[in-house]
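This report is written for a reader who meets this structure for the first time. Please look over the sequence and the model before reading on.

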Amino acid sequence: MSTFSTTSCLGYQVFSDTLNNLPKDKNTVINTINQYSYCMAEKDENFKKALQNSDVLLPDGVGITIASKFLYGKKIKKIAGADLHAHFMTFLNKTGGSCFYLGASNETLEKIKIKMQKEFPNIKVGAYSPPFKKTFSSVDNEQMINEVNNFSPDVLFVGMTAPKQEKWSFAHKNLLKTNYICAIGAVFDFYAGTVSRPSKFWQNLGLEWLGRFFKEPKRMWTRYVTNGFAYLGYLLKEKARN
């Protein structure tokens, strides 16, 4: 078994190492956690179970890094889903590996493939767009598993938005032929260019969330403002316990 550093934060074991020290076991599930997913998981036991059973749980958001420092005095570095994606792209291009994108629309997947051919020509790329529905049928799940396994990628990227992607990965982990299963949601759109990721200016300030809020205030209001206050309440409650 591989070993790497983690930090206990708000009931989760959060990755506090470098991406070069990711485990090398088969079917390694890598998820991310931020203040929004934390708040959702507090109301969704199955989602919480999926996150807590991640093989690797990345601190994707300043809400988590601040919580670690504020509550436990431990400094950890934010690692976004986009950082994980970039890490694997560099590695797979050097090794001539393969990856598979499960999720998003056929249009988005085609844009990803075209961009990959230009930027990472040594990577073998597969993709499948599952039906856009709230709940997948057993037939849907079987088709998705078969698409992945027929390709047998080194890395599987799952992009169905939270919490669907994390729950699906947790439920089907042992049926998939791959080394890594990465739930990275919005990264599909960021990489395809269908949605613009906030600039390095916002990223370097640790305010990527604010950049996204300015771009899509209506859609991001619940994610960042409503849940932001709820998350603050959770932090203060946890602080009072300590």
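The text below treats one helix, one strand, the cysteines and several salt bridges in turn.

The model is a predicted one.

**Helix H5**

Helix H5 comprises the 14 residues 106-119. At 1.5 Å a residue, these should span 20 Å, and the end C-alpha atoms of H5 are indeed 20 Å apart, so expectation and model agree. Four residues of H5 are buried, namely Thr108, Leu109, Ile112 and Met116. They lie on the same side of H5, because the arc they cover around the axis is only 95°. Asn106, Glu107, Gln117 and Lys118, by contrast, are exposed on the other side of the helix.

Which elements cover the buried residues of H5? Among them are two helices, H4 (81-95) and H8 (187-192), together with strands S5 (98-103) and S6 (124-128).

**Strand S3**

Strand S3 spans residues 28-33 and is mostly covered, with six of its six residues buried. Thr28, Ile30 and Thr32 point one way from S3, whereas Val29, Asn31 and Ile33 point the other way; burial applies to all of these residues.

Strand S3 is joined to strand S8 by three bridges, and the two strands run parallel. Within this pairing, threonine 28 has tyrosine 180 of S8 as its bridge partner. The pairing of S3 with S4 is also in the parallel sense and extends over four bridges. Here threonine 32 stands opposite leucine 58 of S4.

**Cysteines**

How many disulfides does a search of the whole structure find? The search returns zero. Cysteine 9 has a relative accessible area of 3% and is therefore buried. Cysteine 39 likewise counts as buried, because its relative accessibility is 1%.

**Salt bridges**

Side chains of opposite charge can pair when their charged atoms come close. In this model the count of salt bridges comes to six. The table lists three of them.

| Acidic residue | Basic residue | Closest N to O separation |
|---|---|---|
| Glutamate 42 | Lysine 48 | 3.2 Å |
| Aspartate 55 | Lysine 173 | 2.9 Å |
| Aspartate 140 | Lysine 133 | 2.9 Å |

In the salt bridge between glutamate 42 and lysine 48, glutamate 42 counts as partly exposed, at 31% relative accessibility.

The side chains of aspartate 55 and lysine 173 meet in a salt bridge, at 2.9 Å from N to O. This pair links distant parts of the chain, since its two residues are 118 residues apart. Aspartate 55 belongs to the loop between helix H2 (45-52) and strand S4 (56-59), while lysine 173 is in the loop between helix H7 (164-172) and strand S8 (180-183). Aspartate 55 is partly exposed, with a relative accessibility of 30%. Lysine 173 is also partly exposed, at a relative accessible area of 21%.

Are the two partners of the salt bridge between lysine 133 and aspartate 140 buried or partly exposed? Lysine 133 counts as partly exposed, with 34% relative accessibility. Aspartate 140 has a relative accessible area of 11%; buried means under 20%, so aspartate 140 is buried.

**Links between the parts**

Strands S4 and S8 appear in two of the sections above. Both pair with S3, S8 through three bridges and S4 through four. Each also borders a loop that holds one partner of the salt bridge between aspartate 55 and lysine 173.

Conventions. Residues are numbered from 1 along each chain as its sequence is written. This is a predicted model: local features need pLDDT of at least 70, side-chain atom pairs count only at pLDDT 80 or more; totals for chains, interfaces and linings use all residues. Side-chain values use heavy atoms; hydrogens and water are left out. The expected span of a helix is 1.5 Å times one less than its number of residues. Buried means under 20% relative accessible area, exposed over 50%, partly exposed in between (1.4 Å probe, protein chains only). The arc is that of the directions from the helix axis to the C-beta atoms. Contact means heavy atoms within 4.5 Å. A disulfide is a pair of cysteine sulfur atoms within 2.5 Å. A salt bridge is a side-chain nitrogen of Lys or Arg within 4 Å of a carboxyl oxygen of Asp or Glu. Two strands pair if DSSP finds at least two bridges between them.
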